[in-house]
Amino acid sequence: MGKDDTPSKRELANRIEELERQLRNLHPGSGPPGSASPVEMDCGIPVMPPREMDPNVSFERESLIRYTARKWVNETVIHYYFFDSGPFAVDATQKAFIEQGFDVWRSVGIGLIFEEVSSIDAAEVRIGSLAGDGYWSYVGTDVLNIGQQERTMNFGSPLSQDSRHENVAVHEIGHTLGFPHEHQNPRAGIVWDEQAVINRFSGPPNNWDEAKIRHNILRKIPRSQVDGSHWDRDSIMHYGFPAGLINEPAEFRTNPLTPAPGLSDRDKEQALFFYPSPSPSHPSLTPFQSVQLDLVAGRQADFSFTPSATRTYTIQTFGRTDSVMVLFEDVNGNNVFVAGDDDSGWGRNAQIHTRLYAGRSYNIRIRMYYQWASGSMAVMLW
């Protein structure tokens with residue numbers, strides 16, 4: 001290009017303005033930060049391999065296991081850590097919005113305890129803010145399978161510039177509690193204009209490839225991973241969608257689908273089903289005495305135990321059941337993980353075999369996935 005062909009600054013500005021105009025036409029509502037009705041980032045859940053089970057597991061049994069599998073046992077202390085340096089660093093303003101998100105879940109009165117820690121090695125949940133990497137979180141106990149120095153949650157855009165503010169954090173923390181995207185509920189009856197969805201989410205600010213769009217929007221969550229409830233269009237776990245992306249229900253062909261801000265009543269109900277408010281005390285297990293359990297899928301039984309002698313103990317479930325059992329030591333009112341076992345999807349029972357110390361206080365949590373018949377499960381310590 002010769003010197004005379006070099007465009008002037010004015011010509012460059014005009015070209016940029018035209019490109020921005022074309023982009024806004026392709027993605028209605030998009031524009032520079034601070035413009036009216038900006039397109040805001042959406043949550044992209046990372047893909048994880050499916051849970052392995054015995055190939056002979058029945059559909060009903062598999063359904064109930066997958067429905068509960070990523071939920072924590074209630075009264076677990078979830079330790080979270082904010083990256084404070086490097087590319088993942090979370091600044092004070094961003095952190096304040098995320099803390100508000102934790103407070104929203106605390107206000108429901110659930111039995112999980114959120115505790116910030118200053119050491120990454122002590123954290124199950126590790127929160128970063130890598131610019132341009134989107135909003136995302138692993139789902140529930142999947143975080144336990146992620147490298148200890150890696151993020152399990154990210155906020156890739158300043159929440160101060162997002163009109164949803166702390167609700168973005170409430171959504172991502174909801175994933176950490178084990179809740180999926182509500183707009184992928186197979187009972188929602190949403191029929192997508194798939195090409196319109198792909199066009200919308202392949203552009204700014206998400207810039208997702210088709211596989212990611214299908215995983216986070218177009219894919220229906222298997223019925224085995226949701227409960228029997230109707231679609232909750234106001235769930236905090238639901239995206240908002242502009243008009244033109246949904247063919248059915250018909251009302252959203254020409255109207256946007258905009259969930260109400262904050263937790264819906266159904267969100268709170270589900271959170272308290274899996275994580276009811278903690279009890280001040282739990283029944284004690286007595287060595288060599290079995291206790292019968294009558295639990296529905298997703299429910300939990302809690303016990304305490306204070307050994308009179310220091311030795312190796314065995315705690316085991318009995319019966320044709322699928323469950324997860326976790327043992328904590330009560331240290332100054334805090335549950336510290338000791339051991340756990342998950343027998344779901346396999347032909348065995350949960351068992352913990354470990355050394356316990358005289359005079360110390362221990363808590364045993366058993367979460368039911370599936371049992372063949374009412375009253376068919378028991379637990380014993382010896």
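Glu-210 is partly exposed, with a relative accessible area of 41%. In this predicted model, Glu-210 forms a salt bridge with Arg-214. The count of salt bridges comes to 16. Strand β1 is a second topic here: 6 of its 6 residues are buried. A third is the packing of helix α5 against α6, at an angle of about 115°.

**Salt bridge within helix α6**

- The closest N and O atoms of Arg-214 and Glu-210 are 2.9 Å apart.
- Both residues lie in helix α6, which spans residues 210-218.
- They are 4 residues apart, about one turn of the helix.
- Arg-214 counts as partly exposed, at 32% relative accessibility.
- Glu-210 is also partly exposed, at 41%.

**Salt bridges between distant parts of the chain**

- Side chains of opposite charge can pair when their charged atoms come close.
- Arg-51 and Asp-342 meet through their side chains in a salt bridge, at 2.5 Å from N to O.
- Arg-51 lies in the loop between α1 (9-26) and α2 (59-68), and Asp-342 in strand β12 (residues 334-342), so this pair ties together parts that are 291 residues apart in sequence.
- Arg-51 is partly exposed, with 29% relative accessibility.
- Asp-342 is partly exposed as well, at 25%.
- A salt bridge also joins Glu-329 and Arg-360, with the closest N and O atoms 3.8 Å apart.
- This pair links distant parts of the chain, 31 residues apart. Glu-329 belongs to strand β11 (residues 321-331), while Arg-360 sits in the loop between β13 (351-356) and β14 (361-371).
- The two partners differ in burial class: Glu-329 is buried, with a relative accessible area of 16%, whereas Arg-360 is partly exposed at 37%. The cut-off for buried is under 20%.

**Salt-bridge network**

- Glu-40, Asp-162 and Arg-164 are linked in a network of salt bridges.

**Strand β1 and its neighbours**

- Strand β1 covers residues 77-82, and 6 of the 6 are buried, so the strand is largely enclosed by the rest of the structure.
- Both faces of β1 are covered. Val-77, His-79 and Tyr-81 are buried on one side. Ile-78, Tyr-80 and Phe-82 are buried on the other.
- β1 and strand β2 (residues 113-116) run parallel and are joined by 4 bridges.
- Opposite Ile-78 of β1 stands Phe-114 in β2.
- From β1, the chain crosses through helix α3 (residues 92-107) to β2. This β-α-β crossover is right-handed.
- β1 also runs parallel to strand β3 (residues 125-128), with 3 bridges between them.
- Tyr-81 has Arg-126 as its bridge partner in β3.

**Packing of helices α5 and α6**

- Two packed helices are described by the angle between their axes and the distance between the axes.
- Helix α5 spans residues 194-202 and packs against α6 with the axes 10 Å apart.
- The angle between them is about 115°. Angles of 65 to 115 degrees count as roughly perpendicular, and α5 and α6 are therefore roughly perpendicular to each other.
- Their crossing is right-handed.
- Helix α6 also holds both members of the Arg-214 and Glu-210 pair.

Terms used. Residues are numbered from 1 along each chain as its sequence is written. This is a predicted model: local features need pLDDT of at least 70, side-chain atom pairs count only at pLDDT 80 or more; totals for chains, interfaces and linings use all residues. Side-chain values use heavy atoms; hydrogens and water are left out. Buried means under 20% relative accessible area, exposed over 50%, partly exposed in between (1.4 Å probe, protein chains only). Helices (H or I, at least four residues) and strands (E, at least two) are DSSP runs, numbered from the N terminus. Two strands pair if DSSP finds at least two bridges between them. A crossover is right-handed if, with the strands pointing away from the viewer, the path from the first strand over the helix to the second runs clockwise. A salt bridge is a side-chain nitrogen of Lys or Arg within 4 Å of a carboxyl oxygen of Asp or Glu. Axes are lines fitted to C-alpha atoms, for helices over the stretch in contact, and angles run from 0 to 180 degrees between N-to-C directions. Angles under 35 degrees count as roughly parallel, over 145 as roughly antiparallel, 65 to 115 as roughly perpendicular and the rest as oblique. A crossing is left-handed if the near helix is turned anticlockwise from the far one by less than a right angle, and right-handed if clockwise.
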